[in-house]
Structures are given as C-alpha cells and as structure tokens.
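Student: I am new to this structure and should be grateful for a close look at a single part of its interior. Please describe the surroundings of one residue there, and then the cores and enclosed spaces.

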Amino acid sequence: MDYLNHPFSSKRHTVFAKKGMVATSQPLAAQAGLEILKKGGNAIDAAIATAAALTVLEPTSNGIGGDAFALVWVNGELHGLNASGPSPQALTIDAVKGLGYDKMPVHGLVPVTVPGVPAAWAELSRKFGKLSLSDALQPAISYAEEGYPLTPILGKYWQKAYASFKKTFTAKEFEGWFETFAPGGGAPAVGEVWRSPGHAETLRKIGETDARDFYEGAIADKIDAFMQEHGGFLRKEDLASYQPEWVDPISTSYNGHEVWEIPPNGQGMVAQMALNIFGQLDAPEWQSAKTYHQQIEAMKLAYTDGQAYITEQQDMPVSVEHLLSAEYAEKRAALLGDTAIEPAPYELPAGGTVYLATADEEGNMVSFIQSNYMGFGSGIVIPGTGIGLQNRGADFSLDENHPNVLKPGKKTFHTIIPGFLTKDGNAVGPFGVMGGYMQPQGHFQVVTNTLDFLLNPQAALDMPRWQWVGGKKIHVEPEFPNYLVQALQRKGHDVEVMTDGGTFGRGQIIWRDPETGVLAGGTESRTDGAVAAW
C-alpha cells in the first residue's frame, strides 16, 4: 500500500473550538499539546509540549540541537523570544579557511552553532507557564521511549535523507546519525515504529534541570567531549554562556491589521517589507495575473534586500526602521512595471523547520517555530543522546565586507520566523509557514490570502503557492492555474511548474474571535498536519 499515493482530490475544513487548540505538522505532536491543555496547562505549556514532541515525531525538520523563536500573546500584550544561538568562540574565518573551505560548509562540524531550543522551552516555561517544564515534556519523553509509527510525509523525507547521507556521511563523526536514525541499517518506513531511548533521557534531564544540564551539566560535557574528539568548534563554555533574548516584536500595517514578526537576526521583516511595497500598488484582484505579478515583484525586491542586509542588528548597514518605512516602500515600488525585473539590492541611504500555533480559553496564544535548519541539520548527532545539532552556521559569509560575515559569538541571518496578526489592539492570532527561504514568501501569501481575499484559515493555507527562487525564476505548485502560468510567462517570468508541493512551505493558523473567544484553525495539506482542539 502506497501511503503517498493520492489519486483523488481531498479537502480539509476549518476546525473550530472554544477551550483550546493546537495546530502543527504532525498529528501526535498536536495531541501532545492538547493533552497538556487538558491537564491544566495554558497555551504556553502546550506550545512547549508540542515543540518537544516534534523533536521526536519529526526529526527530519527539527531537534533538541536547533534554534527557536516565539511570539507570545499574554494579557493583551505580544512578547518576542529570540532563542537563536551564536557561533562558537573558536569559529573564525581563519579557522574555517584553514580547513580548506572558501565558503561555509553545509554539513559536518563546522556549521554547528549553539543550540537555543532547550533554553527556549525553559524560558517560556519560567516566564509564562502554569505547569513545570518536566510535566510539559512528558508526552515527548513517552513517544521517545515507547516509539511511534512514521507518518507518510515524515517517512518520505527520512528515506530521502538516508539515501543521500549513506553516500556522503562517511567520516567517523557521522556515525551517531546512523546509530540514531537508521538503527536497522536503513531509514524506517512509513508505518514502521521508531524509538529513541537516548532522546527520552535527554528530554528528562532537560525537564528536571530547567535545561541547565544541557548547557552546564552532563549533557554539555558530552557535547564538548564529542567536539574535541572530532575537531569541532563548539565548547561547553559556549553552551554555559548562552541565554535566549526577549525582544520587542516589529510590526507593519496592512489592510487594517498589524502584521508582527521577530526583528533581525530573523528574516521575518522580509514579509513585512514585501507587504509594504505591495501596498503601494493597485488594489489586489482575485486570481489576476497582474496581482500575482506585482506580488512576485514586491517579494523579489524585499528578499534581495533582506539577503543583502539582514544579520544581527548592530552589524546591519541600514536600520530596521528604514527598511520598514514608507520611504523605502515607495522607492522600491517605483521600480515595478508590467514585466519581470532582475532585482538588485537597495541603494543604502546615506548616514528546514517546524511550526506550531497554540491557543487557550484564557486568550493566551503562541506562535512558535524551531528548526535544525536543513532537514536533519549538520548530520552531527551526539551518540546516545538523540541530540542532532543544527547547521545554522552555513548561512555565515566568509566575505569580510558582507554584513553577515562570520565572527565568534555572532548570530547569523536566520530563516525561521513566527508570525502574529492583530487588529485594533486585539489578537487575531498566530500564523506561520516553515520551509527555509520560502518562509517570508509563505507569510506574505497567507496574509494577502486572508486580508485581501477573506479566505478562511484552511483555504488561506491550501491556496496554490508560488516561490521566487532567484532572478526571474519562479516555481509554482502543480495546482497553480495554467492560464496564470502562461500570463506570467508573457510578463517575462521564467515559470516552472513543480511536481509536488513539498518545497512550498508548511503552515498553520489559529484565529480568535475577540467577542466570542471561538478559535478557528487550519493546518497544512502539504504535510502530515493536524489541528487538535477541545
């Protein structure tokens, strides 16, 4: 039986509930969050439980050794948490070039940065949780100990990763990946049960010590010893000095609403910049080639500028405020015409991931995202722990003149971004679309689908997507209307229709009615997504 064969079209409806809701990319993870809500936890506890469960239930996209960001709505106020980790103190340009690299490698020991995920869970629990961190992590621990059967999309990407890694991960430092994720000599199949007892023990220690064991104790010692043995750069001192950062979220106005993102080093402001540029143009028209063309062109300019300038704020050559200003939007919009352009970075003025959304009946809501970056991340797994380390450092530049140049203790340009929507000071709710450089493009499309075309949460996610991939090149999903493909080609776009939707992001939405408190949720048709509610 082929669990990836879908010869007939199907559809989801929006899920409604009153007491609580969890939306994410894996059904058992959504149920883990719901379990915590029913035990008396709030939306923050549910987010932690879901996130921890996802490290077990979707290791192809995230893990304990990754980074996280969160937007948290509590008592009428939005809070931002940046739990991305910096580069190790020993990781310098000279050290990388001394190993024979002229750019940052994608896999292995070099691109490993300090993981922020455990600290994010502990900090969210400390500041806003009702239950203990140990209680919130219990569902994830149970799944790691007892095992679970792989879902279809999870199995697809696990098999794909194994097929690639068995050819390329030949060095000794990669043995832990195969021991953990291919214990029988191959990747587990769809429906096959996989368990990770070392992962369970790591989660248990994180819960019992509010994550300090990961950064200062026995787990940190294991990471340090592994890195020293194999010539890596991450050290216990890097882990011990790490703290996640509470930040002020940034917003832009669009169609009567405020669209919120985490400020740089994240790329969320790319979506906001694109919305600002697009807002300077003609009123959107439903299923119009002109509107799609303008959306794509606005995103091209915003993304080109984001990639050129976004890094840690103190190293950016232009301020966040200017890039979100009307002056910037007007200047960029003035470049757009009836045909596709080759984008160039803005002239400076003088001077792969999981997403989840949770909500409870008290009105608390969380937009949370965590990631290993590219699939399983660096491919480095600390033996016996279930900890797969991220490869976030791959985004650093080795060019001394680039804003995102590698420096010791620096946070790189970051792709993962949670989103949040408000109107007139009230929470509308959390939204997000995971998937590397698709993320701000997904945010942009979900927001315009919702606010311009009034699509319900599920329809806003289901609508066929486009993705700018560079120059005039555009990818579209198989269901994208052919007449629009042809019209965009006539406007000079190089459009390629993809064979499936796997590269177009995976998102979730929860909207809350401010008068009734009723929650409306949608989840992704492009993955094993689910909405758990009561």
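**Trp 158 and the interior**

Tutor: In this predicted model, Trp 158 touches Pro 59, Thr 60, Tyr 148, Leu 150, Phe 181, Ala 187, Pro 188, Trp 194 and Phe 376, with residues up to four places away in sequence left out of the list. Trp 158 also belongs to the largest nonpolar core, a set of 73 residues. Among the residues with the most contacts inside that core, Trp 158 is joined by Trp 121, Ile 206, Phe 214, Ile 223 and Phe 368. Helix 2, which spans residues 43–57, supplies the largest share of this core, namely 10 residues. A second core, separate from this one, has 57 residues, including Ala 302, Val 428, Phe 453 and Val 495.

Three of the residues touched by Trp 158, namely Pro 59, Phe 181 and Phe 376, also line the second largest cavity. The space in that cavity is about 60 Å³. Its lining further includes Thr 55, Asn 62, Gly 63, His 199, Asn 372, Gly 386 and Gly 388. By type, this lining has three nonpolar residues, seven polar and no charged.

The largest cavity holds about 90 Å³ of space. It is lined by 14 residues, of which Tyr 292, Gln 295, Asn 449, Met 463 and Trp 466 are the closest to its centre. Helix 13 (289–309) and helix 16 (439–451) are the elements that each give two or more residues to this lining. The lining of the largest cavity comprises five nonpolar, seven polar and two charged residues.

Technical notes: Residues are numbered from 1 along each chain as its sequence is written. This is a predicted model: local features need pLDDT of at least 70, side-chain atom pairs count only at pLDDT 80 or more; totals for chains, interfaces and linings use all residues. Side-chain values use heavy atoms; hydrogens and water are left out. A nonpolar core is a set of buried Ala, Val, Leu, Ile, Met, Phe, Trp, Tyr and Cys residues joined through side-chain atoms within 4.5 Å. Buried means under 20% relative accessible area, exposed over 50%, partly exposed in between (1.4 Å probe, protein chains only). Helices (H or I, at least four residues) and strands (E, at least two) are DSSP runs, numbered from the N terminus. Contact means heavy atoms within 4.5 Å. On a 1 Å grid over the protein atoms alone, a cavity is a set of points where a 1.4 Å probe fits but cannot get out, and a pocket is an open set with protein on both sides within 12 Å along at least five of seven lines; lining residues have an atom within 4 Å of a point. Grid points are joined across faces, edges and corners, and a volume is the space filled by probe spheres set on the points. Ala, Val, Leu, Ile, Met, Phe, Trp, Tyr, Cys and Pro count as nonpolar, Asp, Glu, Lys and Arg as charged, and the others, Gly among them, as polar.
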